[in-house]
Amino acid sequence: MKIWNGYGSEHSMNLVLIGRFKQIRDAEKVEKDITKLTAQALEDDSHSLLFAGPEDQRFSEKMLSLMSNLKLLTLEPSDLGQLLSEHNIERKDDQITVKTDEAEVSAFVKLFVEAGAKVEIFSAHDYPSDSDDEN
């Protein structure tokens, strides 16, 4: 008899990530940066660069150029796959809210913090009323 030891989760995280930026233009820039990074990550995903084994993970030349132009210094190749996961992003004035069932949100945290945002992360399972608050 063979016993299978596997790890997985059928339970969604239902995470809410809120970045509060010093100025509206900072939030607008991060929102645009996420859009550009996601578009490039989609292109790179079609070439299987994002989900390669750890020894083969690398940025594409186009992604390196984009990140250089955007002056983004903290992202790693493994972070970019998070931009392709299912999530909802909403910006209102100087605040960006990301809602996702994924546990990995470090790409968003890095982008927010690098832009000077104050970041709050919580599960809407535990704080359902806060997930709809935007203040």
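This report walks through a predicted model of one protein chain, from its overall layout to a few individual residues.

## Overall layout

Let's start with the big picture. The protein chain has five helices and four strands. Read from the N terminus, the elements come in the order β-α-α-α-β-β-α-β-α.

The chain is 135 residues long, and 35% of those residues are buried. Its accessible surface is about 8,800 Å², with carbon and sulfur atoms accounting for 49% of that area. If you look at contacts in the chain with a separation of 6 or more, 72% of them link residues 24 or more positions apart.

## Helix α1 against α2

Helix α1 covers residues 24-45, and helix α2 covers residues 61-70. How are these two arranged relative to each other? Their axes sit 10 Å apart, and the packing angle is about 170°. Anything over 145 degrees counts as roughly antiparallel, so that is the label α1 and α2 get.

On the α1 side, the contact is made by K29, D33, K36, L37, Q40, A41, E43 and D44. On the α2 side, the residues are K62, M63, L66, M67 and L70. Sorted by class, this contact is a mix: six nonpolar residues, six charged ones and one polar one.

## Helix α1 against α4

Helix α1 also packs on helix α4, which spans residues 106-114. The axes of α1 and α4 are 10 Å apart, and the angle between them is about 140°. That value makes α1 oblique to α4. As for handedness, α1 passes α4 in a right-handed crossing.

Which residues do the touching here? From α1 come V30, I34 and L37, and from α4 come F108, L111 and F112. The class split for this contact is six nonpolar, no polar and no charged residues.

## L37, a residue in both contacts

L37 lies in helix α1 and turns up in the contact with α2 as well as the one with α4. Is L37 buried or exposed? With a relative accessible area of 0%, it is buried.

Leaving aside residues up to four places away in sequence, L37 touches M63, L66, M67, L70, L72, L75, L83 and L111. One of those partners, L66, is 29 residues away along the chain, yet the C-alpha atoms of L37 and L66 are separated by 7.6 Å.

## T35 and L80: other long-range pairs

T35 is another residue of helix α1, but its relative accessibility is 53%, so it counts as exposed. T35 is paired in space with L83: the two are 48 residues apart along the chain, and their C-alpha atoms are 9.0 Å apart. L83 has come up already, as one of the residues that L37 touches.

L80 belongs to helix α3, a short entry in the list at residues 77-80. What is the burial state of L80? Its relative accessible area is 1%, which means it is buried. In sequence, L80 and T38 are 42 residues apart, while C-alpha to C-alpha the distance is 7.7 Å.

## Two positive phi values

If you're checking backbone torsions, here are two residues to look at. N14 is not a glycine, but its phi is positive at about 55°. N14 sits in the segment before β1, the strand at residues 15-20. With 25% relative accessibility, N14 is classed as partly exposed.

The other one is K71, again a residue other than glycine, with a positive phi near 60°. K71 is found in the loop between α2 and α3. Is K71 buried or exposed? Its relative accessibility is 64%, so K71 counts as exposed.

How values were computed: Residues numbered from 1 in each chain as written. Predicted model: local features only at pLDDT ≥ 70, side-chain atom pairs only at ≥ 80, totals over all residues. Heavy atoms only, no water. Axes fitted to C-alpha atoms, helices over the stretch in contact; angles between N-to-C directions. Parallel < 35°, antiparallel > 145°, perpendicular 65-115°, else oblique. Left-handed = near helix turned anticlockwise from the far one by under 90°. Contact = heavy atoms within 4.5 Å. Nonpolar A, V, L, I, M, F, W, Y, C, P; charged D, E, K, R; others polar. Buried < 20%, exposed > 50% of the residue type's maximum accessible area, 1.4 Å probe, protein only. Areas by Shrake-Rupley, 256 points an atom, 1.4 Å probe, with all protein chains shown as cover.
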